[in-house]
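Trainee: Please take me slowly through one part of this protein, residue by residue where that helps, and then place that part in the whole. I am new to these terms, so please give the cut-offs as you go.

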Amino acid sequence: MSEKQEIFWLTPVPKHCQVCRSPIDKVFYDAHLKFPYNISAEVCSICFKKYCNALGIGIAQEYTKHSNGNFKQTAGGSGKY
Ligand SMILES: [Zn+2]
(Lines give C-alpha, C1' and ligand atoms only; values in the text may rest on other atoms or scores of the structure.)
Protein backbone atom coordinates (compact mmCIF):
# COMPACT_ATOMS: atom_id res chain seq x y z
CA MET A 1 0.00 0.00 0.00
CA SER A 2 1.26 3.44 -0.77
CA GLU A 3 0.79 6.22 1.73
CA LYS A 4 0.07 9.75 0.70
CA GLN A 5 3.21 11.78 0.47
CA GLU A 6 4.01 15.44 0.40
CA ILE A 7 4.44 16.50 -3.20
CA PHE A 8 6.71 19.35 -4.15
CA TRP A 9 6.94 21.20 -7.43
CA LEU A 10 10.22 19.96 -8.89
CA THR A 11 10.85 22.10 -11.93
CA PRO A 12 11.62 25.82 -11.57
CA VAL A 13 8.60 27.71 -10.28
CA PRO A 14 7.31 30.28 -12.74
CA LYS A 15 7.99 33.85 -11.65
CA HIS A 16 4.89 35.14 -13.35
CA CYS A 17 1.41 33.90 -14.10
CA GLN A 18 1.45 32.52 -17.63
CA VAL A 19 -1.82 34.26 -18.47
CA CYS A 20 -1.81 37.73 -16.87
CA ARG A 21 1.94 37.96 -16.08
CA SER A 22 1.36 39.04 -12.48
CA PRO A 23 4.13 37.85 -10.12
CA ILE A 24 3.74 34.44 -8.46
CA ASP A 25 4.19 34.98 -4.76
CA LYS A 26 2.94 32.39 -2.27
CA VAL A 27 0.59 30.29 -4.33
CA PHE A 28 0.09 29.19 -7.89
CA TYR A 29 -2.08 26.70 -9.74
CA ASP A 30 -1.03 24.13 -12.28
CA ALA A 31 -4.33 24.19 -14.11
CA HIS A 32 -5.97 23.08 -17.30
CA LEU A 33 -7.51 26.31 -18.54
CA LYS A 34 -10.85 26.44 -20.29
CA PHE A 35 -11.76 28.42 -23.38
CA PRO A 36 -10.16 30.38 -24.96
CA TYR A 37 -6.91 28.81 -23.74
CA ASN A 38 -7.51 25.08 -23.60
CA ILE A 39 -3.98 24.45 -22.34
CA SER A 40 -2.33 23.55 -19.07
CA ALA A 41 -0.44 26.41 -17.49
CA GLU A 42 0.90 27.73 -14.23
CA VAL A 43 -1.34 30.60 -13.24
CA CYS A 44 -2.18 32.94 -10.36
CA SER A 45 -5.27 32.51 -8.18
CA ILE A 46 -7.23 35.13 -10.11
CA CYS A 47 -6.68 33.45 -13.48
CA PHE A 48 -7.34 30.08 -11.88
CA LYS A 49 -10.76 31.27 -10.70
CA LYS A 50 -11.47 32.86 -14.04
CA TYR A 51 -10.39 30.09 -16.40
CA CYS A 52 -10.54 26.86 -14.40
CA ASN A 53 -12.02 27.11 -10.89
CA ALA A 54 -11.99 23.39 -10.20
CA LEU A 55 -9.43 21.27 -8.43
CA GLY A 56 -8.66 17.64 -9.09
CA ILE A 57 -6.38 15.18 -10.81
CA GLY A 58 -6.25 16.07 -14.50
CA ILE A 59 -7.85 19.45 -13.81
CA ALA A 60 -5.79 21.60 -11.44
CA GLN A 61 -3.52 21.42 -8.43
CA GLU A 62 -2.73 24.16 -5.98
CA TYR A 63 0.87 24.73 -4.88
CA THR A 64 1.75 26.87 -1.88
CA LYS A 65 5.16 28.11 -0.86
CA HIS A 66 6.53 25.97 1.95
CA SER A 67 8.79 27.11 4.77
CA ASN A 68 11.65 25.27 3.03
CA GLY A 69 11.33 27.65 0.07
CA ASN A 70 9.85 25.09 -2.33
CA PHE A 71 6.25 24.94 -3.46
CA LYS A 72 4.19 22.12 -2.00
CA GLN A 73 1.02 20.71 -3.47
CA THR A 74 -1.79 21.81 -1.17
CA ALA A 75 -4.93 20.80 -3.05
CA GLY A 76 -6.28 18.99 -6.09
CA GLY A 77 -3.95 16.03 -6.42
CA SER A 78 -2.98 12.84 -4.67
CA GLY A 79 -0.63 14.42 -2.16
CA LYS A 80 -0.81 14.60 1.58
CA TYR A 81 -2.22 17.90 2.80
ZN1 LIG B 1 -2.90 35.47 -13.68
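Mentor: R21 is found in the segment before β1, where strands such as this one (E, at least two residues) and helices (H or I, at least four residues) are DSSP runs, numbered from the N terminus. Residues are numbered from 1 along each chain as its sequence is written. Please keep in mind that this is a predicted model, in which local features need pLDDT of at least 70 and side-chain atom pairs count only at pLDDT 80 or more, whereas totals for chains, interfaces and linings use all residues. The backbone of R21 deserves a careful look, since its phi is near 70°, a positive value in a residue other than glycine. R21 is also exposed, with 10 other C-beta atoms within 10 Å; the rule here is that a residue with 12 or fewer other C-beta atoms within 10 Å of its own is exposed, one with 20 or more is buried, and one in between is partly exposed, with the C-beta atoms placed from the backbone.

From there we come to β1 itself, and it helps to follow the pairing of this strand on both sides. With β3, β1 pairs in the antiparallel sense over five bridges, and two strands are said to pair if DSSP finds at least two bridges between them. Within this pairing, V27 stands opposite T64 in β3, while the bridge partner of A31 in β3 is A60. With β2, β1 pairs in the antiparallel sense over four bridges, and here A31 stands opposite A41. A31 therefore has a partner in β3 as well as one in β2, by the rule that pairing rests on bridges found by DSSP. In general, strands of a sheet pair through backbone hydrogen bonds, either parallel or antiparallel.

Between β1 and β2 there is a loop, and two of its residues have backbone features that you can look for. P36 is found in this loop, and a cis peptide bond with omega of about 5° joins F35 and P36. N38, which has its place in the loop between β1 and β2, has a positive phi of about 55° although it is not a glycine. N38 counts as exposed, with 9 C-beta neighbours inside 10 Å.

After the loop comes S40, which is found in strand β2 and counts as partly exposed, having 15 C-beta neighbours inside 10 Å. Leaving aside its neighbours within four places in sequence, S40 is in contact with D30, A31 and H32, where contact is said of two residues whose C-beta atoms, placed from the backbone, lie within 7 Å. The C-alpha atoms of S40 and A60 are separated by 8.6 Å, although these residues are 20 residues apart along the chain.

These strands belong to an open sheet of four strands in the order β2-β1-β3-β4, with antiparallel pairing. Its edge strands, each pairing on one side only, are β2 (40–43) and β4 (71–75). From one strand to the next, the twist averages 25°, with axes taken as lines fitted to C-alpha atoms, for helices over the stretch in contact, and angles running from 0 to 180 degrees between N-to-C directions.

Some residues of β1 also take part in the largest nonpolar core, which has 15 residues and in which Y29, A31, V43, C44, F48 and C52 are those with the most contacts. The elements giving two or more residues to this core are β1 (27–32), α1 (45–51) and β3 (60–65). Such a core is a set of buried Ala, Val, Leu, Ile, Met, Phe, Trp, Tyr and Cys residues joined through C-beta atoms within 7 Å. C52, not counting residues up to four places away in sequence, touches Y29, A31, H32, L33, K34, I59 and A60.

To place all this in the whole, the elements run β-β-α-β-β from the N terminus on. The radius of gyration, taken over C-alpha atoms, is 12 Å, close to the 12 Å that the globule rule gives for 81 residues, so the protein is as compact as a globular protein of that length; the globule rule is 2.2 Å times the number of residues to the power 0.38. Buried residues make up 27% of the 81 residues.
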